[in-house]
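Grab a viewer and a notepad: here are a few short exercises on how helices pack. Try each task yourself before you read the solution under it.

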Amino acid sequence: MGLDWIGFGYAALVASGGIIGYAKAGSVPSLAAGLLFGGIAGLGAYQLSQDPKNIWLSLIASGTLAGIMGMRFYNSGKFMPAGLIAGASLVMVGRLGLKMYDKPHNG
């Protein structure tokens, strides 16, 4: 199995969102949460790259962010950043859910 490029891209999106939140608004909580969840998502993508069935860390990170940022988007109505991260997280949760049902390839 190759690298989980989608997972690493998602991790980079989450981490960069925290960095941008800090740069624009001086928000230390955004920076901390972005780097924490980006790091967890990156580790999850690495684990998924090693074993396609090892989805749990990625699923926890994306599921948690989908919930938190989904509520922030619902309450604020602002797409940036909450809606973007919530949407990307939902896509990741769906992708990981589908991976649970993938049959292993014999080759």
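**Exercise 1. Find the angle and the axis distance at which α3 and α4 pack, then list the residues that meet.**

Step 1. Fit the axes: α3 and α4 pack at about 145°, and their axes are 7 Å apart. Here axes are lines fitted to C-alpha atoms, for helices over the stretch in contact, with angles running from 0 to 180 degrees between N-to-C directions. The helices themselves are DSSP runs (H or I, at least four residues), numbered from the N terminus. This is a predicted model, in which local features need pLDDT of at least 70 and side-chain atom pairs count only at pLDDT 80 or more, while totals for chains, interfaces and linings use all residues. Residues are numbered from 1 along each chain as its sequence is written, and side-chain values use heavy atoms, with hydrogens and water left out.

Step 2. Get the hand: α3 crosses α4 in a left-handed way (the near helix is turned anticlockwise from the far one by less than a right angle; clockwise would be right-handed).

Step 3. Collect the contacts, meaning heavy atoms within 4.5 Å. From α3 come S58, L59, S62, G63, L65, A66, M69, G70, R72 and F73, and they meet F79, P81, A82, G83, I85, A86, S89, L90, M92, V93 and L96 of α4.

Step 4. Sort by class: this contact has 14 nonpolar, 6 polar and 1 charged residues. The bins are Ala, Val, Leu, Ile, Met, Phe, Trp, Tyr, Cys and Pro for nonpolar, Asp, Glu, Lys and Arg for charged, and the others, Gly among them, for polar.

**Exercise 2. Work out what the buried residues of α4 pack against, and where the cis peptide bond sits.**

Step 1. Check the span. Helix α4 covers residues 79–99, 21 residues in total, and reaches 28 Å from first C-alpha to last, close to the expected 30 Å (1.5 Å times one less than the number of residues).

Step 2. Pick out the buried positions (under 20% relative accessible area; exposed is over 50% and partly exposed in between, with a 1.4 Å probe and protein chains only). In α4 these are A82, G83, I85, A86, A88, S89, M92, R95, L96, G97 and K99.

Step 3. See what they touch: the buried residues of α4 pack against α1 (5–25), α2 (28–50) and α3 (56–76).

Step 4. Look at the peptide bonds. M80 and P81 are joined by a cis peptide bond with omega about -5°, and P81 belongs to α4.

**Exercise 3. Decide whether α1 and α4 are roughly parallel or antiparallel.**

Step 1. Their axes come within 11 Å and cross at roughly 155°.

Step 2. Apply the cut-offs: under 35 degrees is roughly parallel, over 145 roughly antiparallel, 65 to 115 roughly perpendicular, and the rest oblique. So α1 and α4 come out roughly antiparallel.

Step 3. The crossing of α1 and α4 is left-handed. I6, G7, Y10, L13 and V14 of α1 make the contact with L84, I85, A88, S89, M92 and R95 of α4. By class that gives 8 nonpolar, 2 polar and 1 charged residues.

**Exercise 4. Describe how α1 meets α2, then zoom in on A11 and I19.**

Step 1. The axes of α1 and α2 come within 7 Å and cross at roughly 170°, which makes α1 roughly antiparallel to α2.

Step 2. Among the α1 residues in this contact are A11, G18 and I19, while the α2 side includes L31, L35, G38, A41 and G42. The contact divides into 14 nonpolar, 8 polar and no charged residues.

Step 3. Take A11: at 6% relative accessibility it counts as buried. Leaving aside neighbours within four places in sequence, A11 is in contact with G38, A41 and G42. A11 and G42 are 31 residues apart in sequence, yet 5.1 Å apart in space, C-alpha to C-alpha.

Step 4. Now I19, which counts as partly exposed at 44% relative accessibility. With neighbours within four places set aside, I19 is in contact with L31 and L35.

**Exercise 5. Find which residues G44 contacts beyond its neighbours within four places in sequence.**

Step 1. G44 lies in α2 and, at 1% relative accessibility, counts as buried.

Step 2. Its contacts on that basis are L57 and S58.

Methods: Helices (H or I, at least four residues) and strands (E, at least two) are DSSP runs, numbered from the N terminus.
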